[in-house]
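Work through these exercises with the sequence and the 3D view side by side. Try each task before you read its solution.

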Amino acid sequence: MAITKEQRRLRIRKGIRNKITGTAERPRLSVFKSNKGIYVQLIDDVSGHTLTATSSAEIGKNNVNIEVSKEVGKKLAEKATGTGISAVVFDRGGYPYHGKVKALADGAREGGLKF
């Protein structure tokens, strides 16, 4: 039986999640992409809480491209620095690190987050 793209992404995601963990001092920056948007959360895995989150819908954009992804990263960095978070662990969610995911990471770095 053939493996679908989604099954492959989830298998890769499990491998990534086995290696990284977010804490209150250095939360996990989790990325999710859909056909309509891009969503990002800062998660404290120790307590199981989402510290802050943002998405392309929050910015008011419904066509996601590289520029919108970069804006989402900057918005998340702005929220994170407002709550006192400066360093994060990047979780690409099984997606390849290029295009929208890379633009989001670059935007977060420009906003002041350290990976």
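Two strands count as paired if DSSP finds at least two bridges between them. Keep in mind that this model is predicted.

**Exercise 1. Pairing around E1**

Task: Find which strands pair with E1, and in which sense.

Solution:
- Step 1. Locate E1 at residues 28-33 and E2 at residues 38-44. Six bridges join these two strands, and they run antiparallel.
- Step 2. Look at the link. Four residues lie between E1 and E2, and the two strands form a hairpin.
- Step 3. Check opposite positions. Leucine 29 faces leucine 42 in E2. Serine 30 stands opposite glutamine 41 in E2.
- Step 4. Turn to E4, residues 89-91. E1 and E4 pair in the parallel sense, over three bridges. Here arginine 28 stands opposite valine 89.

**Exercise 2. From E2 to E3**

Task: Describe how E2 meets E3, and decide whether E2 is enclosed or not.

Solution:
- Step 1. Find E3 at residues 49-55. E2 and E3 are antiparallel, with six bridges.
- Step 2. Name two pairs. Leucine 42 stands opposite threonine 52. Aspartate 44 has histidine 49 as its bridge partner in E3.
- Step 3. Inspect the turn. E2 and E3 form a hairpin with four residues between them. Glycine 48 in that turn has a positive phi of about 75°.
- Step 4. Count buried residues in E2. Five of the seven are buried, so E2 is largely enclosed by the rest of the structure.

**Exercise 3. Buried or exposed?**

Task: Classify serine 30, threonine 52 and glutamate 67 as buried or exposed.

Solution:
- Step 1. Fix the cut-offs. Buried means under 20% relative accessible area, and exposed means over 50%.
- Step 2. Take serine 30, in strand E1. Its relative accessible area is 15%, so serine 30 is buried.
- Step 3. Take threonine 52, in strand E3. Its relative accessibility is 11%, so threonine 52 is buried too.
- Step 4. Take glutamate 67, in helix H3. Its relative accessible area is 52%, so glutamate 67 is exposed.

**Exercise 4. Sequence and space**

Task: For the same three residues, set separation in sequence beside C-alpha distance.

Solution:
- Step 1. Serine 30 and valine 46 are 16 residues apart in sequence. Their C-alpha atoms are 15 Å apart.
- Step 2. Threonine 52 and alanine 80 are 28 residues apart in sequence. In space, C-alpha to C-alpha, they are 7.0 Å apart.
- Step 3. Glutamate 67 and arginine 109 are 42 residues apart in sequence, and 15 Å apart from C-alpha to C-alpha.
- Step 4. Add contacts, leaving out residues up to four places away in sequence. Serine 30 touches Tyr39, Val40, Gln41, Ile43 and Asp91. Threonine 52 touches Val40, Gln41, Leu42, Leu76 and Lys79.

**Exercise 5. The largest nonpolar core**

Task: Find which residues touch the most other members of the largest nonpolar core, and which elements supply it.

Solution:
- Step 1. This core has 20 residues. Leu29, Val31, Leu42, Phe90, Leu104 and Leu113 touch the most other members.
- Step 2. Four elements give two or more residues each: E1, E2, helix H3 (66-82) and helix H4 (100-111). H3 gives the largest share, five residues.
- Step 3. Follow leucine 29. Beyond its neighbours within four places in sequence, its contacts include Leu42, Leu76, Phe90, Leu104, Leu113 and Phe115.

**Exercise 6. The largest pocket**

Task: Give the volume of the largest pocket and sort its lining.

Solution:
- Step 1. The volume is about 160 Å³.
- Step 2. List the lining: Lys5, Glu6, Arg8, Arg9, Ile12, Phe32, Arg92, Gly94, Tyr95 and Pro96.
- Step 3. Sort these residues. Four are nonpolar, one is polar and five are charged.
- Step 4. Find the main contributor. Helix H1 (residues 5-19) gives the largest share, five residues.

Definitions and conventions. Residues are numbered from 1 along each chain as its sequence is written. This is a predicted model: local features need pLDDT of at least 70, side-chain atom pairs count only at pLDDT 80 or more; totals for chains, interfaces and linings use all residues. Side-chain values use heavy atoms; hydrogens and water are left out. A nonpolar core is a set of buried Ala, Val, Leu, Ile, Met, Phe, Trp, Tyr and Cys residues joined through side-chain atoms within 4.5 Å. Buried means under 20% relative accessible area, exposed over 50%, partly exposed in between (1.4 Å probe, protein chains only). Contact means heavy atoms within 4.5 Å. On a 1 Å grid over the protein atoms alone, a cavity is a set of points where a 1.4 Å probe fits but cannot get out, and a pocket is an open set with protein on both sides within 12 Å along at least five of seven lines; lining residues have an atom within 4 Å of a point. Grid points are joined across faces, edges and corners, and a volume is the space filled by probe spheres set on the points. Ala, Val, Leu, Ile, Met, Phe, Trp, Tyr, Cys and Pro count as nonpolar, Asp, Glu, Lys and Arg as charged, and the others, Gly among them, as polar.
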